[in-house]
Amino acid sequence: MFEQLYTDHRTICRHKDAPYSKEREDFLAQRAQEGYARSTLFSLSSELLIVVRELGSAGELMMTSDQIKMVAARWARRQRRIGRARFGKSSYKLFWVVATQWLRFLGRLYKPPQISASSSGMIDEFAAWMKSARGLSPTTIWRRYRYIRQFLRWYEAKGHPMSDIQIADIDAYLTEHGASHWTRVSVVNNARALKAFFRFGGMRGWCLTSIADAIRGPRIFSQENLPSGPTWEDVQRLIASLDTDKPIDIRNRAAIMLLSIYGLRVGEVSQLKLEDIDWEHDQILIRRPKLRRAQTYPLVPVVGNAILQYLQAVRPHCSRREVFLASTAPFRPISQGTLYHTISEQAMGLGIHLPHRGPHALRHACATHLVSQGFSLKEIGDLLGHRTSSATRIYAKVDLTGLREVAAFDIGGLP
């Protein structure tokens, strides 16, 4: 593998003489099979040479993620001190990513103890029940699964079995996390997930049936918060800022158009398939997990052209059927984190300041814009894929133009 990457004999010998030569070649060969570009393999090989030397000097090559971070921080400080890196953060991140992949490949990345097999089986059974008996969407099931697993990991770390759980333990968990970094909404979402799980557990005899009834989260008043999204003018500025020849911008521009013009959820964009776009009839099929059905919409020309430009000029050639893919191998569907980072960075660069800069803010902007254009809440709800009109009703509160007209209305003669 080294002979395929390098032509200089001394460079090849340097890589072959370093520790774990065969393992590194196998690692690079695996990445090559996954579709990594030659330039990426070249950089990966160079960084891996640094990693094996630094990790070797740290002692036993069996490390936790936190231990890797300590070595990465030490390496970044040394690079910055000798003037080889202007930004230590870049050196740190590259080292940490490559070292983590390397140790995982070797099977030497130590993972902290997870929840017990019995608890894991209970969560799996609960997830299967949510799907078969309740018909909940995959996203809802996944979120509840994650919330419950996090709680059980926290609880079992104290050395107690699930059968000993009391309501005081759940209250302590919600209080602890609510006081540290969770918002009220996060506390409520976790409390609801735990309530559903322990109600199910009570029916199965895993725990006391009274636990579920006693779980309480903070009160969230209906429609107490206004949706937070940019103005439509800011959305247009955001889209225009991505109108470049850069491959990443071409992809992100098309994705952001779907988020803002159709008001799609980020999962609906990342899971959009090539066969969902009917170019012959100018239609696009959106799969709605919450509705458990698909909806067909006209393909707006400007959106269709943006997607077509991405497909023809940028999208990697691979077997994946999702429209939007990662820009580097291994080619996976574009992640929510990637879209969040793109929208956040672009918004900050344009001076668009919002409490929430993620993809969902563009969905709010779409709905608010449609309200201002005079569309009914029923029409807006149909576009957004809402199950009930109550989900759309909150956008009536953001029709500031209409409110100003009411405030300016002269009812004549009354003080």
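**Figure 1. Gly205, the residue that follows helix α10.** In this predicted model, Gly205 comes after α10 and has a positive phi, near 80°. The helix before Gly205 covers residues 184-204, which makes 21 residues. From its first C-alpha to its last, α10 reaches 30 Å, close to the 30 Å expected at 1.5 Å a residue.

**Figure 2. The buried residues of helix α10.** Now let us look along the helix itself. Among the residues of α10 that count as buried are Phe197, Phe198 and Phe200. Val187, Val188 and Leu194 are buried too, and so are Ala191, Ala193 and Ala196. The list also includes Asn190, along with Gly201 and Gly202.

**Figure 3. Tyr20, in the loop between α2 and α3.** Here is a residue to pause at. Tyr20 sits after α2 (9-17) and before α3 (21-33), in the loop that links them. Its phi is near 60°, a positive value in a residue other than glycine. Is Tyr20 buried, partly exposed or exposed? Its relative accessibility is 28%, so Tyr20 counts as partly exposed.

**Figure 4. Asp282, in the loop between β1 and β2.** This view moves from helices to strands. Asp282 is found between β1 (277-278) and β2 (283-288), in the loop there. Although Asp282 is not a glycine, its phi is positive, at about 55°. With 45% relative accessibility, Asp282 counts as partly exposed; the exposed class begins only over 50%.

**Figure 5. Two buried cysteines, Cys207 and Cys366.** Cys207 has a relative accessible area of 12%, and Cys366 has one of 2%. Both values are under 20%, so both residues count as buried. How many disulfides does a search of the whole structure find? The search finds zero.

**Figure 6. The whole chain, as a setting for the close-ups.** Stepping back, you can place each view within a chain of 20 helices and three strands. The chain has 415 residues, and 41% of them count as buried. What share of the contacts with a separation of 6 or more joins residues 24 or more positions apart? Such pairs account for 59% of those contacts. The accessible surface of the chain comes to about 23400 Å², and carbon and sulfur atoms make up 53% of that surface.

Definitions and conventions: Residues are numbered from 1 along each chain as its sequence is written. This is a predicted model: local features need pLDDT of at least 70, side-chain atom pairs count only at pLDDT 80 or more; totals for chains, interfaces and linings use all residues. Side-chain values use heavy atoms; hydrogens and water are left out. A disulfide is a pair of cysteine sulfur atoms within 2.5 Å. Buried means under 20% relative accessible area, exposed over 50%, partly exposed in between (1.4 Å probe, protein chains only). Helices (H or I, at least four residues) and strands (E, at least two) are DSSP runs, numbered from the N terminus. Contact means heavy atoms within 4.5 Å. Accessible areas come from the Shrake-Rupley method with a 1.4 Å probe; for residues, only the protein chains shown count as cover. The expected span of a helix is 1.5 Å times one less than its number of residues.
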